[in-house]
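Reader: I have a few questions about the terms used for this model. Please give the reasoning behind each label.

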Amino acid sequence: MSVSGSSDRGIRQVTTEFCAGCIECIDGVLEDILSAAKRELLEETGYGSDDWRHLLTLPSYAALSDNYMSIFLAKNCQKINSHQDQDEDEFLNVYLYSRDELEEKVKNGEFAQAAHILALLMADQCV
């Protein structure tokens, strides 16, 4: 499993998480959620895949916002770019972890975002 290390402004520590991002408006048109997921994977990790599965779309925090998050599983990923296309305020390092290593990171608080833990558990059901 490919994950990125990222500075989390909210808790002010470096955490391990899956790549994530937002839908962008490209030439005046909002991209669809699968295109956004593919773009974010490529930009943040340099990896791509032709084997995608939509797992779930749900409100990210229904009590406080109207944002939605969509969880995808990309299988059989291949390195496409040798560099990452990061935003100015991003620093990301790509690491490949086994499922057991990610479980350990969840337990010790290094893989701390609830939405990313949900994605991990959803992916478990598909593998």
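Reader: What makes the contact between E43 and R39 a salt bridge?

Author: This is a predicted model, and in it the closest N and O atoms of the E43 and R39 side chains are 3.2 Å apart. The cut-off is within 4 Å, between a side-chain nitrogen of Lys or Arg and a carboxyl oxygen of Asp or Glu. The pair therefore counts as a salt bridge. E43 and R39 are four residues apart in helix α1, so about one helical turn separates them.

Reader: Are E43 and R39 buried or exposed, and how do you know that for R39?

Author: Both E43 and R39 are buried. For R39 the relative accessibility is 14%, and buried means under 20%, so the label applies to R39.

Reader: Which parts does the salt bridge between R39 and E24 tie together?

Author: The side chains of R39 and E24 meet at 3.3 Å, N to O. R39 lies in helix α1 (residues 33-45), while E24 lies in the loop between β2 (13-17) and β3 (25-26), so the bridge links parts that are 15 residues apart in sequence. E24 has 34% relative accessibility; that value falls between the limits of 20% and 50%, so E24 is called partly exposed.

Reader: Why is the pair of E110 and K105 called a salt bridge?

Author: Their closest N and O atoms are 2.8 Å apart, which is within 4 Å, so the pair meets the rule. K105 is buried, with a relative accessible area of 12%, whereas E110, at 34%, is partly exposed. Elsewhere, salt bridges that share partners join E24, E31, R39, E40 and E43 into one network. The count of salt bridges comes to seven.

Reader: How many disulfides are there, and what would make a pair of cysteines count as one?

Author: The count is zero. To count, two cysteine sulfur atoms must lie within 2.5 Å. As for accessibility, C22 is exposed at 58%, because exposed means over 50%. C126, at 18%, is buried, because that value is under 20%.

Reader: Which residues make the nonpolar surface patch, and what makes I33 accessible enough to belong to it?

Author: I23, L30 and I33 make the patch, which covers about 270 Å². I33 lies in helix α1 and has a relative accessible area of 35%. Patch residues need over 30%, so I33 passes that cut-off. I33 is still called partly exposed, because exposed means over 50%.

Notes. Residues numbered from 1 in each chain as written. Predicted model: local features only at pLDDT ≥ 70, side-chain atom pairs only at ≥ 80, totals over all residues. Heavy atoms only, no water. Helix = DSSP H or I, 4+ residues; strand = E, 2+ residues; numbered from the N terminus. Buried < 20%, exposed > 50% of the residue type's maximum accessible area, 1.4 Å probe, protein only. Patch = residues over 30% accessible without salt bridge, like charges linked within 9 Å, V, L, I, M, F, W, Y side chains within 5 Å. Areas by Shrake-Rupley, 256 points an atom, 1.4 Å probe, with all protein chains shown as cover.
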